[in-house]
2 protein chains.
Amino acid sequence: MAEALPEGRVLTAPESMDGYRHDDAEWAPYGQPLAVVRPRSTAEVRTLVRWCLEHRVPLVPRGAGTGLSGGANALDGSVVVSFEAMDRVLEIDAGERLAVVQPGVVNDDLRRACAEHGLWYPPDPASSPWSTIGGNVATNAGGMCCVKYGVTRDYVLGLEVVTGGGEIVRLGRRTAKGVAGYDLCSLLVGSEGTLGVITEVTVRLRARRPAERTVVGHFDSAVAAGEAVAAVAAAGVVPSALELVDRHCLAAVDAWKNMGLSAEADTVLLGRLDTPGAAGDAEAELMVDCFRGAGATWAAVSTDQQEADALFDARRLAYPALERLGPVLTEDVCVPRAKVPEMLARIDRTAAAHDLLIANIAHAGDGNLHPLIITPPGDDAARARAQRAFEAILDDALDLGGTVTGEHGVGLLKRRGMERELGPGVLALHHAVKTALDPHGILNPGKVVGVQGVTAEPVGETIAGPV
Amino acid sequence: MAEALPEGRVLTAPESMDGYRHDDAEWAPYGQPLAVVRPRSTAEVRTLVRWCLEHRVPLVPRGAGTGLSGGANALDGSVVVSFEAMDRVLEIDAGERLAVVQPGVVNDDLRRACAEHGLWYPPDPASSPWSTIGGNVATNAGGMCCVKYGVTRDYVLGLEVVTGGGEIVRLGRRTAKGVAGYDLCSLLVGSEGTLGVITEVTVRLRARRPAERTVVGHFDSAVAAGEAVAAVAAAGVVPSALELVDRHCLAAVDAWKNMGLSAEADTVLLGRLDTPGAAGDAEAELMVDCFRGAGATWAAVSTDQQEADALFDARRLAYPALERLGPVLTEDVCVPRAKVPEMLARIDRTAAAHDLLIANIAHAGDGNLHPLIITPPGDDAARARAQRAFEAILDDALDLGGTVTGEHGVGLLKRRGMERELGPGVLALHHAVKTALDPHGILNPGKVVGVQGVTAEPVGETIAGPV
């Protein structure tokens, strides 16, 4: 392989590969790759895929490694492909409102580049300072503004892809509309590198982001905050963000940054609204009314932008703050908005039943909850209980008409949950599509779905499922 | 088959099947079906699919037959499935902003039902008084408000489908977000009945539609109007509609309805803007400036709602008005917005070169043009020239970075154009996916793509391509 590619592309020394072996899903297993390759062009990716085809070696594409499901975790004997050297914004076209980028472009860097043209790339995962567009597309990443503006798939117009057969193809289009053939572009989005290797992305852009108002609510329980979320949805208000941060998160941020948040509320709801003018003012007041109606101990439209920004910063700090307490098993269920309070109540009961600390941050306006199960370092009994709680939370989400993953993807951690959600009929369709587009089973095998009846399956199986 | 289904479901008398043999694509070929079936439940559809599997009989799903590419045209010896008796709105959930409907629900009927709950189902094909949600989903229908609000796929949350293997499955979800597995739901949208039979649709809804302002521009050529469209895009204005109606359409409407439109302008641009408040007023003035800068002979924000509505009515009447002049071969190319004037100029040259009348209506703000090639009834030489012009227009659209079909679908008329657009690598992926999801080739064979190496292929081939 090193002979087929220019010098410097292939890493094989174990110590230089260490940083490429897994993503941020601490609990997902990972293996020892044969090599890490850092291509600089689509042609080099094709060369690599063809080498993998010839030698029947699994190939694991990787963005910045901020994933939370193990989707980018190395398999034993695999080749990990890192797109860090394919990081150029190739084109921004203001008239057509689109940008063309290589997969290694960092999300925030694209947003900044678009802003220079008066344009906005909305999808804003919490990992936006580090995660890449390629990884965002592979996982169909969400974020805070999705509640109004949609997820990554809603912004992907076209893709350049190296197929499982080693061909370079272009899927999708550059025009505003188009129905020539099947929507293979949408199919590739969220397929976690299992159906093709993405080498270029054309994204749709919006006009500059409108100014936002912030509405803050304090509640004496997460369930009460959940009732407010359901009330906002029932009132027909569409916020540009609606985030929930519970007492465990507030306390962890306070312990780290001394912000004094946990003294003021058990749970905080942070709403944003960007409808312009008087209509936006009315929506903000309606949101305050919804908060109060659900029992907020305090609720108001923020008049202090600095204070409002500090609260959103605290929300972003919640995850790293909790990680300081011990290994975090991250959940990502999504339920109908009306079921948010019931789901939060069930998570509380699950925490008690399994004697675990489960913190909650949530894109609450989407019904997308992130229960974070924290166990003391080195406590194997707690880890075992955490895994049972993890599956119990998935079952509760399904029971309430929800999904096991709202935005983090299936990877390894959610494979079993996904199988419960989809059932055998839909799983059979997944296997048929996987086999159709990756007939030799070399593309990230064992992630999302297993590969039936091909040699790659055992490689995937050895690491599948929570350890 | 009649034994397997309740009485009255199966029609076999030729005269009772006549109305089910083709859609509105006058130029696409069609065959003589074996039977027409009007199921009343998903279970009946499954029974039918299983019967077709057992007897290797092709199955052609059909909405209201308003398609313009021949996608619903009967094949010789096929079973046509009409969903006219599965026409119930099953649920409207205001809090979750979604509706669940059977495929035979008429587009405007769903819009009306949603409006009663203060909600809005945006996709608005010109066929909305007749076309059904099932057909809209199968073709990923567009419409006038797509330029701001997106197409049918953007509103499909979930589907119930009978697969090519005769199983009932649910794809997609009811939650705001979800990434559990591949996006097979989006894959089915726009697949024209070739990958599964849709038996239920869950659509996303928006809050009540905002009030719109209308901006009208008169131009002395379609190309000048095209320049205005490109200027609007370059200025960053996002209209809620931007429609172009040329002199041939205006004259045809006048000849039918005596509206006096063609005396005032060669080409009319009709813009709508629904941004509320002062921001919307400013956008409307900016659109007027764009119209004037591109050479409008007259441009203004309409102050007469009745007059504005009459103009949009005229736009809707353009197609039936032209059909009164002779058979219409309907184009549906979509190009980048900046290329609209160049594409319109090329269409003019194509009309002259082939000695044809080509009228233009367009969802111009999307770059989605509908050149309408009209030939005198019974003039076979003109029909032959029209077919050459049809392919020439597709080639020009591709040359300008566009697509052969913006919203009407591939059906039969665009198969050759689609093959030129996609190229062999992407076509191979299409065949792989088709074979994976319809292994026996019974689902609307010969539409969109042929089926490789299975018995249904010759049936498709005998009618494929313009006659």
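A polar contact here is a pair of N or O atoms within 3.5 Å; within protein, one of the two must be able to donate a hydrogen and the other to accept it, and residues adjacent in sequence count only if both atoms are side-chain atoms. Keep that in mind for the tour, and remember too that this is a predicted model.

**Stop 1: both chains together**

Show chain A and chain B in two colours. A rotation of 180 degrees, with 0.0 Å of shift along its axis, places chain A on chain B with an RMSD of 0.0 Å. That is how a two-fold axis relates two copies. The same surface serves both of them, as 100% of the contact residues of chain A recur in chain B.

**Stop 2: the interface between the chains**

Now select the residues in contact across the two chains: 65 residues come from chain A and 65 residues from chain B. Together the chains bury about 5200 Å², and carbon and sulfur atoms give 64% of that area. For a good starting point on the chain A side, pick Lys177(A), Val179(A) and Tyr182(A), which lose the most area to chain B and together make up 18% of what that side buries.

How many residue pairs are in polar contact between chain A and chain B? The count is 20, with both residues of each pair at pLDDT 80 or more. Salt bridges cross here too, and the rule finds eight of them. For one to zoom in on, select Arg337(A) and Glu96(B), whose side chains meet with 4.0 Å from N to O.

Next, switch to cartoon view and colour the elements of chain A that give two or more residues to the side touching chain B: strand 9 (168-172), helix 6 (184-188), helix 7 (222-234) and helix 13 (415-437). Which of the elements gives the most to this side? Helix 13 of chain A does, with 12 residues. If you colour this side of chain A by class, you will find 32 nonpolar, 22 polar and 11 charged residues.

**Stop 3: inside chain A**

Hide chain B and colour chain A by its domain assignment: domain 1 covers 10-82, domain 2 covers 89-207 and domain 3 covers 213-399. Keep domains 2 and 3 of chain A in view; their centres, taken over C-alpha atoms, lie 28 Å apart. Seven residues of domain 2 are in contact with 14 residues of domain 3. The area buried between these two domains of chain A is about 870 Å², 58% of it on carbon and sulfur atoms. Select Met144(A), Val147(A) and Lys148(A) next: within domain 2 these lose the most area to domain 3, together 74% of what that side buries.

Stay with Lys148(A) and add Asp274(A), since you can look at a salt bridge between their side chains, 2.7 Å from N to O. Across this domain interface the rule finds one salt bridge, along with two residue pairs in polar contact. The residues on the domain 2 side divide into five nonpolar, one polar and one charged.

**Stop 4: a link along the chain**

A search of the whole structure finds 59 salt bridges over all chains. Finish with the one between Glu331(A) and Lys414(A), where the closest N and O atoms are 3.3 Å apart. Glu331(A) sits in the loop between strand 16 (328-330) and helix 11 (340-353) of chain A, while Lys414(A) sits in the loop between helix 12 (380-399) and helix 13. The pair, 83 residues apart, links distant parts of the chain.

Note on methods:
Residues are numbered from 1 along each chain as its sequence is written. Chains are lettered from A and ligands numbered from 1 in the order in which they are written. This is a predicted model: local features need pLDDT of at least 70, side-chain atom pairs count only at pLDDT 80 or more; totals for chains, interfaces and linings use all residues. Side-chain values use heavy atoms; hydrogens and water are left out. Copies are superposed by least squares on the C-alpha atoms of residues with pLDDT of at least 70 in both. Contact means heavy atoms within 4.5 Å. Domain bounds come from an automatic or database domain assignment. Buried area is the accessible area (1.4 Å probe) that two parts lose on being put together, summed over both. Ala, Val, Leu, Ile, Met, Phe, Trp, Tyr, Cys and Pro count as nonpolar, Asp, Glu, Lys and Arg as charged, and the others, Gly among them, as polar. Helices (H or I, at least four residues) and strands (E, at least two) are DSSP runs, numbered from the N terminus.
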